[in-house]
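Open the model in your viewer and get ready to click through a few selections. Each stop below tells you what to pick and what you will find there.

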Amino acid sequence: MDKNCFVCNVCSKAFSYKGSFNRHYLVHTNEKPYSCDVCKKEFFLKSSLITHSRTHRNEKPYSCDLCNKQFSLKNTLTKHYRVHTNEKPYSCDVCNKKFSYKSALSKHFLTHTNEKPYSCDVCDKKFSYKCVLSKHFLTHTNEKPYSCDVCNKRFSQKSSLSTHHKSHSNEKPFSCGVCSKTFSQKRSLNAHFHIHTNEKPYSCDVCSKQFTLKAYLNTHCRTHTSEKPFACVVCNQQFSQKGSLKKHFLTHTNEKPHSCDICYKQFSKKSDLTRHYRVHTNEKPYSCDLCNKQFSRKHFLNEHLRTHTNEKPYSCDICGKKFSQKTNLTTHCRTHTNEKPFSCDVCNKQFSQKSSLKKHCLTHTNEKPYSCGICSKAFSRKYGLNLHFRTHTDEKPYSCDLCQKQFTQKNFLNVHLRTHTKEKPYLCNVCGKEFSQQSSLSRHFHTHAIEKP
């Protein structure tokens with residue numbers, strides 16, 4: 001060995017210069033002789049202190065020739081250049097994946113070892129990276145040290161603030177090479193790209209369902225654990241997703257930020273506005289595979305499918321009658337309570353169904369837009385025209401399975417069936433008498449209202 005070589009007696013590392021050897025030895029003694037006058041942070045090397053001091057002065061002497069971005073450290077500028085050159089000099093020995101930074105390779109390697117050396121002192125949750133532990137700890141302290149200069153909104157992470165700033169500038173620097181869609185975050189672009197590759201790298205340990213994003217997997221896992229970590233500060237209602245909490249909070253503020261460009265009706269949720277637009281466009285994107293009937297909302301399609309399966313999951317607590325749709329059950333219940341929540345603005349007549357009120361309102365306007373092509377008789381509703389047309393065709397499409405009697409309308413058949421079943425679903429809430437038809441109950445109800453001297 002060279003006589004001028006200085007060898008560390010702790011780790012046997014050799015140095016050509018005594019100064020280099022002395023600086024290295026501080027690593028073993030943990031001695032940090034250089035201290036910052038502003039924040040008291042200590043350093044092994046004086047050069048590290050000088051570099052650190054620039055963070056307080058916001059001094060950035062190194063500038064990128066390509067995008068003019070400035071840096072306080074020369075090696076940070078060197079690493080930044082790789083953004084432009086796409087150079088990835090660090091390669092994983094296990095899977096050969098390449099990285100632009102050595103630190104990124106070190107973090108990636110933990111995915112192979114599953115090592116999680118950093119543990120939270122509060123909840124004992126473990127993490128592969130120290131920076132992730134630091135971010136996690138803020139969930140316990142609720143600390144939000146980063147504030148937006150524009151709207152004063154606060155964030156627990158600096159990266160979240162940077163992302164938020166783009167919402168003011170509408171900056172979307174990341175573009176998809178396949179469909180040219182742009183994004184404000186690189187991770188959003190990476191997640192979007194899975195749509196084109198159909199890659200779903202995240203799998204649920206319980207049911208093996210796969211997802212394109214880890215965030216989607218985390219949200220899905222709560223369906224197994226029933227965990228609801230997001231609570232409303234007003235009513236304490238809990239939610240499994242942060243987005244659901246944000247939408248819920250609008251019910252307290254009555255804020256409706258989404259407005260229709262056509263009729264200016266406002267909505268608290270963007271999804272509600274999207275569905276509303278279909279009223280104007282008459283778009284029906286959901287189609288039944290059995291009968292090809294189309295619907296504007298998936299919820300309507302799901303309810304319609306029950307007409308094919310004869311599934312009736314909603315049951316009346318009073319008479320036990322079952323329904324395929326919850327709205328039909330709600331309407332039916334009013335036959336027991338005699339509730340009529342919909343009132344006419346002209347004559348104050350009340351109705352149990354909103355559709356009945358709309359039909360009634362046409363009696364005031366005398367509007368009859370539907371006309372028979374045979375006898376020119378006009379109707380206020382298209383349904384009325386269709387029924388009338390059967391008087392010309394003598395069509396009776398509804399038949400009783402028990403006696404084969406035929407009817408022009410389905411509700412006539414339903415009323416007729418009660419002559420066989422002896423069913424009387426309409427109950428007088430005054431005397432308890434039962435009736436097979438709503439009209440019979442209405443006539444009977446007047447007997448209670450007759451004044452007796």
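Start by selecting Lys405, which is partly exposed, with a relative accessible area of 48%. Keep in mind that this is a predicted model. Lys405 belongs to the loop between β29 (398-399) and β30 (406-407). Now show its contacts: leaving out residues up to four places away in sequence, Lys405 touches Tyr398, Ser399, Cys400 and His416. Before moving on, draw a distance from Lys405 to Phe445. The two are 40 residues apart in sequence, and their C-alpha atoms are 31 Å apart in space.

Next, select Ser436. Where is Ser436 found? Look in the loop between β32 (434-435) and α16 (438-449). Ser436 is partly exposed, and its relative accessible area is 24%. Not counting residues up to four places away in sequence, Ser436 touches Arg418, Glu423, Lys424, Pro425 and Tyr426. Add Val415 to the selection as well: Val415 and Ser436 are 21 residues apart along the chain, with 7.2 Å between their C-alpha atoms.

Now travel to helix α2 (residues 46-57) and pick His52 within it. Is His52 buried or exposed? His52 counts as buried, because its relative accessibility of 13% is under the 20% limit. Show what surrounds the side chain and backbone here: setting aside neighbours within four places in sequence, His52 is in contact with Cys36, Cys39, Lys41 and Phe43.

The next stop is a group of rings. Select Phe6, Phe15, Phe21 and Tyr25 together, since these residues form one aromatic cluster. The count of aromatic pairs comes to 3. One to zoom in on is Phe21 with Tyr25, a tilted pair with 6.0 Å from centre to centre and 40° between the planes. Colour helix α1 (residues 18-29) to see how these two are placed: being 4 residues apart in that helix, Phe21 and Tyr25 are separated by about one helical turn. Try a surface view for this pair too. Phe21 is buried, at 17% relative accessible area, whereas Tyr25 counts as partly exposed at 31%.

Finally, zoom out and select the whole protein chain. In cartoon view, the secondary structure comes to 16 helices and 32 strands. The radius of gyration of the chain is 36 Å, well over the 22 Å that the globule rule gives for 453 residues, so the chain is more spread out than a compact globule. Turn the model along its principal axes and the C-alpha trace spans about 125 × 50 × 45 Å.

How many of the contacts between residues at least 6 apart in sequence join residues at least 24 apart? In this chain the share is 3%. Colour by accessibility next: of the 453 residues, 22% count as buried. With the surface switched on, the accessible area of the chain comes to about 33100 Å², and carbon and sulfur atoms account for 48% of that area.

For a last view, colour the charged side chains. The protein chain has 77 positive and 34 negative ones, and the centres of the two sets lie 2 Å apart.

Technical notes
Residues numbered from 1 in each chain as written. Predicted model: local features only at pLDDT ≥ 70, side-chain atom pairs only at ≥ 80, totals over all residues. Heavy atoms only, no water. Rg over C-alpha atoms; globule rule 2.2 N^0.38 Å. Buried < 20%, exposed > 50% of the residue type's maximum accessible area, 1.4 Å probe, protein only. Contact = heavy atoms within 4.5 Å. Areas by Shrake-Rupley, 256 points an atom, 1.4 Å probe, with all protein chains shown as cover. Lys, Arg positive; Asp, Glu negative; His and termini not counted. Charge placed at Lys NZ, Arg CZ, Asp CG, Glu CD. Phe/Tyr/Trp six-rings, centres within 6.5 Å; stacked < 30°, edge-to-face > 60°.
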